[in-house]
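This report describes the fold, one buried position, the largest pocket and the DNA-facing surface of the structure shown below.

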Amino acid sequence: MKTQLWLVKQEPESYAWEAFVRDGRATWDGVRNYQARNHLKAMARGDRVLFYATGDSKSVMGIAAVARAAFPDPTAEEPGWVAVELRPLEPLPHPVTLARIKADPSLRQTALVRHSRLSVMPLAEAEFARIVELGREP
DNA sequence: GCCAACGTTGGC
DNA sequence: GCCAACGTTGGC
């Protein structure tokens, strides 16, 4: 199967990119939205994932990879919710702000822009590549 | 099954 | 702090 590309959101106050890098691996649990859950379920080991920080930072911070595909969310009291494990791959030298993403014509269709409340979303190959490219240039 | 009320997310 | 955009809940 073709590798898929994703973006996950995280509040930096609860789990910052720096903490993720320090930990070297993280269980992505606690997702309680069906659409986001379905995206988690579709993740395969090795898929690339952009890490987006909400709140004050509102920026894509770096690239991660799926280390373990979906398994039952240990924090869920009801069955049916899943978690994945992610590991950080590399930071983006210049975190890509939401403003920059919104200003880029090739990124206007991303779920990040169009569905601002979704916390786990797929990205098209060109979208993923463009964000990474922006992250490498000031 | 509809829809009003309510709660949450997250940008501004 | 506000509010738009949604998702969820519960009464009917």
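In this predicted model, chain A has a radius of gyration of 14 Å, and because a compact globule of 138 residues would have a value near 14 Å, the two agree. The C-alpha trace of chain A spans about 45 × 30 × 30 Å along its principal axes. Of the 138 residues in chain A, 46% are buried.

The secondary structure of chain A consists of 5 helices and 6 strands. Their order along the sequence is β-α-β-α-β-β-β-α-α-β-α. Contacts across long stretches of sequence are frequent: among those in chain A between residues at least 6 apart, 68% join residues at least 24 apart.

**A buried position**

Met 121 lies in strand 6, which covers residues 120-123. Its relative accessible area is 0%, so Met 121 counts as buried. Beyond its neighbours within four places in sequence, Met 121 is in contact with Leu 5, Trp 6, Leu 7, Lys 9, His 39, Ala 111 and Leu 112. For one of these partners a backbone distance is available: the C-alpha atoms of Met 121 and Ala 111 are 6.6 Å apart, with the two positions 10 residues apart along the chain.

**The largest pocket**

The largest pocket holds about 280 Å³ of space. It is lined by 14 residues, and those closest to its centre are Lys 9, Gln 10, Glu 11, Trp 28 and Ser 119. Two elements, strand 1 (5-10) and strand 2 (26-28), each give two or more residues to this lining.

**The surface near DNA strand C**

Asn 33, Tyr 34, Gln 35, Arg 114, His 115 and Arg 117 surround DNA strand C. Of the atoms of DNA strand C that come within 4 Å of the protein, 54% belong to sugar and phosphate.

The table sets out the residue classes for the pocket lining and for the DNA-facing surface.

| Region | Nonpolar | Polar | Charged |
|---|---|---|---|
| Lining of the largest pocket | 5 residues | 5 residues | 4 residues |
| Surface near DNA strand C | 1 residue | 3 residues | 2 residues |

Lys 9 links two parts of this account, since the residue is in contact with Met 121 and is also among the residues closest to the centre of the largest pocket.

Note on methods
Residues are numbered from 1 along each chain as its sequence is written. Chains are lettered from A and ligands numbered from 1 in the order in which they are written. This is a predicted model: local features need pLDDT of at least 70, side-chain atom pairs count only at pLDDT 80 or more; totals for chains, interfaces and linings use all residues. Side-chain values use heavy atoms; hydrogens and water are left out. On a 1 Å grid over the protein atoms alone, a cavity is a set of points where a 1.4 Å probe fits but cannot get out, and a pocket is an open set with protein on both sides within 12 Å along at least five of seven lines; lining residues have an atom within 4 Å of a point. Grid points are joined across faces, edges and corners, and a volume is the space filled by probe spheres set on the points. Helices (H or I, at least four residues) and strands (E, at least two) are DSSP runs, numbered from the N terminus. Ala, Val, Leu, Ile, Met, Phe, Trp, Tyr, Cys and Pro count as nonpolar, Asp, Glu, Lys and Arg as charged, and the others, Gly among them, as polar. A residue is near a molecule or strand if one of its heavy atoms lies within 4 Å of it. The radius of gyration is taken over C-alpha atoms; the globule rule is 2.2 Å times the number of residues to the power 0.38. Buried means under 20% relative accessible area, exposed over 50%, partly exposed in between (1.4 Å probe, protein chains only). Contact means heavy atoms within 4.5 Å.
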